[in-house]
Amino acid sequence: MGLFDIFKKKTNTAAQTEASPQTAPDKDSDQPATTADSADTLDTPAKKSDSPKQKPTPDASEPQEQPTESTSISGNPEPPATDSKSQTATPEQASSTAEPTTTTEGKEAISQETGSTAADTAKYNAGLTKTRHRLRDRFNAFLANFRSVDEEFFDDLEDLLIQSDVGYEMALKISDALRNEVKLQNAQSKAEVSRVIVQKMAEIYYQDSQNQDYHLNINVQRPLNVILFVGVNGAGKTTTIGKLAARLKKDGQKVILAAADTFRAGAIEQLQVWGSKVGVQTVAHVAGSDPASVVYDALQLAQQEHANVLLVDTAGRLQNNTNLMKELEKIKRIITREIPDAPHEVLLVIDATTGQNALVQAKQFQKATQVTGLVLAKLDGSSQGGIVLAINDELHLPVKLVGLGEQMDDLRDFDPEIYAQGLFSQLFQDEAANSHE
Ligand SMILES: Nc1nc2c(ncn2[C@@H]2O[C@H](COP(=O)(O)OP(=O)(O)OP(=O)(O)O)[C@@H](O)[C@H]2O)c(=O)[nH]1
């Protein structure tokens with residue numbers, strides 16, 4: 001049975017949950033406290049132009065020197081002194097909301113193919129609703145104008161795919177593959193052509209995904225797993241950490257959080273609130289203190305307490321700020337000095353609603369630091385979830401986790417198969433309907 005048939009079969013059997021996804025709320029309104037803060041912590045880059053076949057170019061401002069910021073980074077190898085200002089929130093302070101929201105997951109049968117439950121599939125399908133509808137609408141509009149399979153057809157298809165955020169390279173790859181396939185299968189009618197398009201998109205996507213390691217590098221045998229979260233302001237780092245902590249704790253892991261986003265007072269509190277909700281300790285210093293010192297203290301505590309996982313939040317930063325990137329390097333140096341094979345993951349959190357900008361950000365962060373994987377947050381509020389295809393294809397960076405809402409239970413491991421199914425399932429249905437024409 002081919003991939004197309006597997007998808008078709010699954011599409012027929014899976015519950016077609018089309019629940020309206022939660023809308024991503026407005027970005028955290030907390031403002032940085034200092035002017036240096038606002039200069040250093042840049043907003044998400046401007047939206048991409050709609051002009052077709054415009055290959056996305058990185059933000060005009062490539063990495064460049066910035067004026068010295070008030071918190072100078074010493075060139076000396078640390079260690080930062082253990083700070084007496086260090087505060088940790090105890091699990092006992094956890095409120096009655098400490099437990100993750102109850103789901104029926106435990107009762108669900110686990111798919112032998114993907115290891116995911118039917119509840120996961122339904123969650124993905126719901127989260128991908130906006131993306132799927134956008135793709136379907138564009139796809140249908142494109143096919144409504146179908147006359148014949150000629151060069152103009154393939155040009156228009158490339159435009160459609162680029163505008164659907166699958167990425168420039170991926171769009172060309174799909175259209176090239178289709179040229180051959182349409183000839184090979186002698187597809188001429190609208191129904192035949194649409195079937196081949198969907199089939200090929202799913203196949204190319206699936207092939208691409210085969211070379212990626214989607215698994216989070218957490219090894220229970222390791223004395224301590226350290227995961228560093230990076231990304232621009234408001235992407236969803238803190239929320240992802242909170243949700244991941246809840247999941248790991250539920251799995252029996254001892255987790256500690258490090259509030260190394262000392263740039264924004266609100267960010268420290270936000271992480272502490274998550275720590276308290278989940279029932280794990282959060283190591284924090286006062287706002288404005290050296291983030292590397294927070295990480296050092298958190299490493300000490302995690303080792304003393306025999307924690308399994310340390311999740312480190314960092315300040316929202318854009319990669320074109322050299323000082324902030326140096327700060328991130330310093331954090332990494334301290335981690336590696338304490339635990340030579342750490343950090344075990346550097347996860348770049350990107351906001352799925354930003355479409356092509358997510359790809360631009362990922363490219364720039366990849367240049368500046370060794371990102372090992374991506375978290376695609378706010379997939380539920382995005383109509384541009386096809387960006388996963390572009391990121392996979394252009395950066396060869398695996399998406400490891402996806403955020404499908406703001407609640408504790410709204411984080412999932414990235415599952416390429418359910419993702420592709422969620423993205424293409426509606427198109428398959430349409431293709432089936434078309435075939436009756
Ligand atoms: N719908 C939805 N909202 C999300 C998701 N993840 C995060 N959010 C929301 O996005 C907003 C920003 O998330 P944060 O976790 O504060 O982002 P951050 O990257 O830590 O931001 P800074 O602390 O400013 O660097 C918050 O309102 C979150 O509730 C998600 O998967 N789905």
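## Ser276 in helix α9

Ser276 is buried, with 21 other C-beta atoms within 10 Å; the threshold for that class is 20 or more. The residue belongs to helix α9. Its C-alpha atom lies 9.6 Å from that of Gly242, although 34 residues separate Ser276 and Gly242 in sequence. These values, like the others in this report, come from a predicted model.

## The chain as a whole

The protein chain contains 14 helices and nine strands. Of its 437 residues, 47% are buried. Among contacts with a separation of 6 or more, 81% are made by residues 24 or more positions apart.

## Surroundings of the ligand

The ligand is surrounded by 28 residues, and the closest of them are Gly236, Thr238, Thr239, Gly316 and Gly403. Two elements, α8 (237-250) and α9 (265-278), each give two or more residues to this shell. The largest share, three residues, comes from α8.

By residue class, the shell around the ligand has 12 polar, nine charged and seven nonpolar members. Glycine is counted with the polar class here.

## Helix α10

Helix α10 covers residues 291-304, which is 14 residues. At 1.5 Å a residue the helix should span 20 Å, and its end C-alpha atoms are indeed 20 Å apart, so the expected and computed lengths agree.

How much of α10 is buried? Burial applies to 10 of its 14 residues, so the helix is largely enclosed by the rest of the structure. The buried positions are Pro291, Ala292, Ser293, Val294, Val295, Tyr296, Asp297, Ala298, Leu299 and Ala302. In general, an α-helix has 3.6 residues a turn, so residues three or four places apart point the same way.

## Backbone exceptions

Most residues other than glycine have a negative phi, and most peptide bonds are trans. Three sites in this model are described here against that background.

His306 comes just after α10 and takes a positive phi of about 55°, although His306 is not a glycine. The residue sits in the loop between α10 and β5 (309-314). Is His306 buried or exposed? His306 counts as exposed because it has 9 C-beta neighbours inside 10 Å, and the exposed class takes residues with 12 or fewer.

Lys378 also is not a glycine and has a positive phi, of about 60°. Its place is in the loop between β7 (373-377) and α13 (387-395). With 28 C-beta neighbours inside 10 Å, Lys378 counts as buried. Thus a positive phi occurs at an exposed residue, His306, and at a buried one, Lys378.

The third site is a cis peptide bond between Ala342 and Pro343, with omega about 0°. Pro343 lies in the loop between α11 (322-338) and β6 (345-351).

## Annotated segment 398-411

In an unreviewed entry, UniProt places the feature "domain: SRP54-type proteins GTP-binding" at residues 398-411. In the model, this span is 0% helix and 43% strand. The C-alpha atoms at its two ends are 16 Å apart. Gly403, one of the closest residues to the ligand, has a number that falls within the annotated range 398-411.

Technical notes: Residues numbered from 1 in each chain as written. Predicted model: local features only at pLDDT ≥ 70, side-chain atom pairs only at ≥ 80, totals over all residues. Near = placed C-beta within 6 Å. Helix = DSSP H or I, 4+ residues; strand = E, 2+ residues; numbered from the N terminus. Expected span 1.5 Å × (residues − 1). UniProt positions renumbered as here; feature names shortened; annotations may be inferred. Contact = placed C-beta atoms within 7 Å.
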